[in-house]
Amino acid sequence: MKFESMLLQMKDRMPERRFIHTRGVAETATQLAAKYGEDIEKAEIAGILHDSVKYAEKSWLKEIIISEQMDPMLLNFHHELWHAPVGSYVARQEFNIEDADILNAIQYHTTGRAGMSNLEKIVYIADMIEPSRSFPGVEVLREIANQDLEEGMLSCVQHSMTFLIKKRQPVFSDSFHCYNDLIQKRGKVKE
Ligand code: FE
Ligand code: FE
């Protein structure tokens, strides 16, 4: 692997099972990028760095969201969402990633958003279907994602939102916008 040192730095920031997940996301994102003609190195970097601050202090994540003037709505939602935008900030600050597509792929890997790039979709999907994921329905998501990137993204965001709604958990607005955007574009293609 080309980005071995970056990956090793992740090892110190997370428990073993999250590190296995991180490696899985980097590998799956790389495979999807190859399949769909996207930049393999960008997919690998985004995969490696996507959960870099998953285990950071909540208070610190909150501080960065405020000081960097990120979407203040984030603070009204579960702190699980915070590691994605702050992870993007850390990728830029600590790992000197300047590429906007990589930074966005990290920023939106948990919620999705309207108008995602292919790289953003690839990282979002890889996060959900990498080999160590084992929830009911993951096999179907893997199959769809390997057949069609748009359908894969739609199925993954649908799965995530349905899961939250079933548990009566709040759904962040970016996910609704993501879902609507995909559905509306899909409708146009089929008309
Ligand atoms: Fe994450
Ligand atoms: Fe993840």
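1. Ser155 lies in helix α9, which spans residues 149–166, in what is a predicted model. The relative accessibility of S155 is 12%, and because the limit for burial is under 20%, the residue counts as buried. Setting aside neighbours within four places in sequence, S155 is in contact with L141 and I144.

2. The protein as a whole contains ten helices and zero strands. Its order along the sequence is accordingly written α-α-α-α-α-α-α-α-α-α.

3. On overall dimensions, a compact globule of 191 residues would have a radius of gyration near 16 Å, and the 16 Å of the protein agrees with this. Along the principal axes, the C-alpha atoms fill a box of roughly 45 × 40 × 30 Å. The accessible surface is about 9900 Å², and carbon and sulfur atoms account for 50% of it.

4. Buried residues form 47% of the 191 residues. Of the contacts between residues at least 6 apart in sequence, 61% join residues at least 24 apart.

5. The largest nonpolar core comprises 56 residues; M6, I48, L49, V86, I97, I125 and M153 have the most contacts inside it. Helix α7 (residues 118–129) supplies the largest share of this core, eight residues. Of the core residues named above, M153 touches M116, K121, Y124, I125, C178 and L182, when residues up to four places away in sequence are not counted.

6. Helix α5 (residues 83–93) deserves separate mention. Nine of its eleven residues are buried, so the helix is largely enclosed by the rest of the structure. The buried positions are H83, A84, P85, V86, G87, S88, Y89, V90 and A91. The buried residues of α5 pack against α3, α4 and α6 (100–107).

7. Which protein atoms act as donors of the iron ion (ligand 2)? They are NE2 of H21, NE2 of H50, and OD atoms of D51 and D127, lying 2.1 to 2.2 Å from the ion. Along the chain these donors follow the spacing H-x28-H-D-x75-D. H21, in helix α2 (residues 16–35), and H50, in the loop between α3 (40–49) and α4 (58–67), are 29 residues apart, and the pair links distant parts of the chain. Both H21 and H50 are buried.

8. Why is the arrangement around the iron ion (ligand 2) irregular? The four donor atoms subtend angles of 81 to 172 degrees, which makes it so. A second iron ion (ligand 1) lies 3.3 Å from the iron ion (ligand 2), and D51 bridges the two.

Note on methods
Residues numbered from 1 in each chain as written. Chains lettered and ligands numbered in written order. Predicted model: local features only at pLDDT ≥ 70, side-chain atom pairs only at ≥ 80, totals over all residues. Heavy atoms only, no water. Core = buried A, V, L, I, M, F, W, Y, C linked by side-chain atoms within 4.5 Å. Buried < 20%, exposed > 50% of the residue type's maximum accessible area, 1.4 Å probe, protein only. Helix = DSSP H or I, 4+ residues; strand = E, 2+ residues; numbered from the N terminus. Contact = heavy atoms within 4.5 Å. Donors = N, O, S within 2.8 Å, 3.2 Å for Na, K, Ca; no water. Tetrahedral: all angles 85-135°; square planar, octahedral: opposite > 155°, others 65-115°. Rg over C-alpha atoms; globule rule 2.2 N^0.38 Å. Areas by Shrake-Rupley, 256 points an atom, 1.4 Å probe, with all protein chains shown as cover.
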